[in-house]
Amino acid sequence: MPDKTPITVAYGDGIGPEIMRAALRILIEAGAQLELHTIEVGEQVYQRGLSSGIGPEAWESLRHTRLLYKAPITTPLGGGYKSLNVTIRKTLGLYANVRPCESYAPFVNTVHPLMNVVIIRENEEDLYAGIEHQQTREVYQCLKLMSSPGSEKLIRYAFEYARRNNRRKVTCFTKDNIMKLTDGLFHKIFDQVAAEYPGLESEHLIIDIGTAKLADRPEQFDVIVVPNLYGDILSDVAAQLTGSVGLGASANIGQDVAMFEAIHGSAPDIAGQGIANPSGLLLAGVLMLQYIGQPEVAEAVHNAWLTTIEEGIHTADIYMRERSSQKVGTLAFADAVIERLGQRPRRLHPVNYKPSGPPIARSQTVRLATARTKALVGVDVFLDWDEAERDPAQLGQILTEQANTDALQLSMITNRGLKVWPEGLPETFCTDHWRCRFVSAPEGTAIQHSDLIALLNKVKDAGLDFIKTENLYNFDGQPGYSLGQGQ
Ligand code: NAD
């Protein structure tokens, strides 16, 4: 018998305590070797004035166990509160969100009976960096930050996950036809890592058509790896397609720390009634048991749960008069699963979990090379400019006459990414936010930071309000910036 694994348990809010008690009872009855450390997170902690919903004792416990089994919490309404989930993910570096989405037809109602997809979502980067600014009266921005090590770690995780779980294909979704640098990086790294796994099929789809195909024929997909924002949306779409969000589980994985939870929220509308479905949290527990190297217990729990479902013993959220045999509450459902420990389902596919070595993330290293040379070759100066009926020709004239220096010359002005100077179209709607590109002369010559400062001084002397700058660099001789107007 393995030693007990210390885990941190959060009972959460709303239905959280009910479903956590039920799930833990099943895991323990099945023989899970767990040493439980309970912490408080969520509503009570927010009310004590801790804006992220988690206190120092909870961090202390997590530092020790490196493992969190968490029931859903209620996020208080109103400003000033930070998302507990985002805080935990970022603080612990939980870079991979793994969400299996499987249909249990005909026992759970779904229009996609053959669906069995795992979504692996990048969890720390992209538009979720939370770096936003209002730059002019009219224009706001949110920075989309994607890193090569962040993308590589996640993509390697997805391929290794597919290999260890006998999956056949990994699909990548991005929008790199538009975001050629950020999403382009993710796609490029996907292709490089895919080449290291010749035994697995790999494909890339543009996120819009990919999502449409997933909604139409999910059985064509197997493992899907995606950047953060797309994954956030896609994983909820995918869970919904299986027929019940109440059955979904997810694992949030970091280098040597992980969090397991149901995908649904705290369901305050049914809290305290004893009718909530504990399945999502229980299946998260199954993922946790695999992670901590107790695959036999994971297999026993999962097969007992599948047997319960196919025998029609259902909580109210998935109950169907014509298919279910019994409508049960949370605790009776847990009892039914416990009674079936040791049984395997006859109509649904039984699971078969084998020891699979140390957690995948522990062995992932960043191996791909990054650029060797970097040269400063220009600057995009962003202006808040609301003069002269917003005539781009006028702005172009001011900048060429008063701001150009020997080192840097105006090459283009865009408004919301569309070129308006030189040779703009009079029909183009212009806001008060202008991107003015200055490039070195002759183009591609390396310049110094002092050249940028000289340029900005001239822009200031021309009476213009520069609100930010973005340096233009060539990396290994290739432009590290988009070429303008959506190219
Ligand atoms: P929700 O998932 O809590 O509920 C949506 C609907 O599904 C409700 O009708 C609910 O009764 C039902 N439902 C959800 N889980 C169920 C279960 N296990 N059994 C039976 N029915 C179930 O979503 P919501 O109402 O939008 O959010 C409620 C609260 O949960 C909010 O404060 C939200 O911020 C929070 N939330 C927390 C997490 C988390 O902690 N990971 C995730 C999502 C939402």
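One nitrogen of the ligand sits 3.3 Å from an N or O atom in the side chain of E261. That's a handy place to start with this predicted model, which pairs a ligand site with a protein split into domain 1 (5-363) and domain 2 (374-479). Here's a quick tour of the ligand's surroundings, then of the place where the two domains meet.

**Around the ligand**

- Besides the E261 side chain, the backbone gets involved too: a polar backbone atom of S266 is 3.0 Å from an oxygen atom of the ligand.
- T75 does something along those lines, with a polar backbone atom 3.1 Å from a ligand oxygen.
- On its own the ligand has 820 Å² of accessible area, and the protein covers 63% of that.
- There are 18 residues around the ligand, and the ones that come nearest are I73, G265, A267, D269 and N277.
- Sort that shell by class and you get seven nonpolar residues, seven polar ones and four charged ones.

**How the two domains sit**

- Measuring from C-alpha centre to C-alpha centre, domain 1 and domain 2 are 45 Å apart.
- Each side chips in to the contact, with seven residues from domain 1 and seven from domain 2.
- Put together, the two domains bury about 680 Å² between them, and carbon and sulfur atoms account for 44% of it.
- On the domain 1 side, look at Q135, T136 and E138: they supply 63% of the area that domain 1 buries against domain 2, more than any other three residues.

**Polar links between the domains**

- Two salt bridges are counted between domain 1 and domain 2.
- R137 and D384 join side chains in a salt bridge, with 3.8 Å from N to O.
- Six residue pairs are in polar contact between the domains, counting pairs with both residues at pLDDT 80 or more.
- As for the make-up of the domain 1 side that touches domain 2, it has two nonpolar, three polar and two charged residues.

Note on methods:
Residues numbered from 1 in each chain as written. Predicted model: local features only at pLDDT ≥ 70, side-chain atom pairs only at ≥ 80, totals over all residues. Heavy atoms only, no water. Near = heavy atom within 4 Å. Polar contact = N/O pair within 3.5 Å; in protein donor to acceptor, adjacent residues only side chain to side chain. Areas by Shrake-Rupley, 256 points an atom, 1.4 Å probe, with all protein chains shown as cover. Nonpolar A, V, L, I, M, F, W, Y, C, P; charged D, E, K, R; others polar. Domains from an automatic or database assignment. Contact = heavy atoms within 4.5 Å. Buried area = accessible area lost by both parts, 1.4 Å probe. Salt bridge = Lys/Arg side-chain N within 4 Å of Asp/Glu carboxyl O.
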